[in-house]
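User: Could you take a close look at one part of this model, starting from the backbone just before it and working through to the space that it borders? I would like one connected account.

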Amino acid sequence: MTLWKKVSLIGAAALVALVLLGVWMAYPQPQAVKANGQVNAPAHAPLPVQQPQAAKPDNSVCLGCHQNAGQVLKLPNGDFMSITVDTTAFAASAHGQKNLQCVDCHTDITGFPHPALPATVQSARDYTLKYQDTCKKCHADQTSAVADSVHAKAFASGNHNAPTCADCHNPHTQKTWTIKDGQLTDATQRAQVAQICAQCHSAIFNEYKDSVHGMDVMGQKNTDAPTCTSCHGVHNIANPTTAAFRLASPQMCGNCHTNASIMDKYGLSTAVYSTYVADFHGTTITLFDKTSPEHETNKPVCYDCHGVHNIVSVKDPKRGIEVKNNMLQVCQRCHPSASSNFPASWMSHYIPDPQRTPLVYYVQLFYNIFIPTVLGGMGIFVVSDIFGKFRNRGKGNTPAAPTNPESKEK
């Protein structure tokens, strides 16, 4: 064998050895297994590389499908629920303005196809209730207030039709409320509130919309007339059928009707609350409210005479209680034997004046002068008498002790 052939064979053998070595290095090495089943990596094995987590899908991914109109989801019980999201309305909503992502609320959906609905979701209502605790992550204060409301208590008692957050606030379209001093200042939003409440309280809404308050609110004429939340509150809505609510209701009405900046616009008296509290009805109600707010009383409050949701102007010829016959019918609810002259014994909420009630005005004026004069004169007499006695005592002019006539005879 020539030298050249020997060199060629050695080179070929070396090349084969290198190829085999490369294959061996690339092939996974066996790992030692501990008795407990855990794997020991070889000492020379490199540290595992942490794979980057998949990024959460942003709204463009979700809305790429859900912006298409006419999409519905069929629930197991046969309900059909719209799953279309109006991208323009969402962008203008409170959540859209805060750049909230869909998956921030829909935490169980991270990709497509979506996971199957849980077995507890059989209807559209079940789907809404599935997210009833989602809002508390960002709205803790509102959630706490709702917990004591009549709605939450109704839900806890088993009425699952009682409203939750999403029933009043559509999470895809709800805009930021414009609020000042606890009241809505946007006329459109005040009308929207009444329409939201009407979803459950349609009979009450039908009375309210034709009332002196409701016509202004639904007509969006001004922001002074009360909407539902003005009287009932927003999240901490109390049960209006309780004695406590009834006894506190005059103060509720007084919040607006004693506010001169509001009442002066419409020529209404701000003395309605003070005159009510000063008469027999109001004095009794005030006493109960302070001492026994949970006890019932048959004394009338504002809405017993004026109505609750169907309040009309007192000058209304058909039902206004400035009309004598209408007032008589109101009085007869509690005083069934009241005669036609019965309403004349009450001055309504007016303060006596020479034009409307001259006799009462001048009698009151007389006593306003007479009583201070008499009491003032008596006070002056008592003070002067006391002063005179101290003055005489200071001069040593103490009166002599009376003598006993019988002792002189003896």
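Analyst: With a relative accessibility of 38%, Q220 counts as partly exposed, since that value falls between the 20% and 50% limits that separate buried from exposed. The model is a predicted one, and in it the phi angle of Q220 is near 55°, which is a positive value in a residue other than glycine. Q220 sits in the loop between α12 (212-218) and α13, and α13 (228-232) leads on to the part to be examined, as it is among the elements that cover the buried residues of α14.

Helix α14 runs over residues 243-257, and its 15 residues reach 22 Å from the first C-alpha to the last, close to the 21 Å expected at 1.5 Å a residue. Along its course α14 nevertheless bends by about 45° at S249, with a proline, P250, following within four residues. Both S249 and P250 are buried, and so are A243, F245, R246, L247 and G254 of this helix. Besides α13, the cover over these buried residues includes α16 (272-278), α17 (280-291) and α18 (302-306).

One of those covering helices, α17, also shares a cavity wall with α14, each of the two supplying at least two residues of the lining of the largest cavity. The count of cavities of 30 Å³ or more comes to one, and about 50 Å³ of space lies in the largest cavity. Its lining consists of L247, P250, Q251, Y273, I285, T286 and D289. P250 thus appears twice in this account, as the proline that follows the bend at S249 and as a lining residue of the cavity. L247 likewise is buried in α14 and lines the largest cavity.

For comparison elsewhere in the chain, N99, in the loop between α4 (94-97) and α5, also has a positive phi, near 60°, in a residue other than glycine. N99 is exposed, with a relative accessible area of 57%. In the loop between α5 (102-105) and α6 (124-130) lies P113, and the peptide bond leading to P113 from F112 is cis, with omega near 5°.

The largest nonpolar core, finally, is made of six residues, A194, A198, F205, Y208, V217 and A225, and the elements that give two or more residues to this core are α10 (187-198) and α11 (202-208).

Methods:
Residues numbered from 1 in each chain as written. Predicted model: local features only at pLDDT ≥ 70, side-chain atom pairs only at ≥ 80, totals over all residues. Heavy atoms only, no water. Core = buried A, V, L, I, M, F, W, Y, C linked by side-chain atoms within 4.5 Å. Buried < 20%, exposed > 50% of the residue type's maximum accessible area, 1.4 Å probe, protein only. Expected span 1.5 Å × (residues − 1). Bend = angle between axes of the 7 residues up to and from the residue. Contact = heavy atoms within 4.5 Å. 1 Å grid on protein atoms, 1.4 Å probe; cavity = no way out; pocket = protein on both sides within 12 Å on 5 of 7 lines; lining within 4 Å. Points joined across faces, edges and corners; volume = space filled by probe spheres on them.
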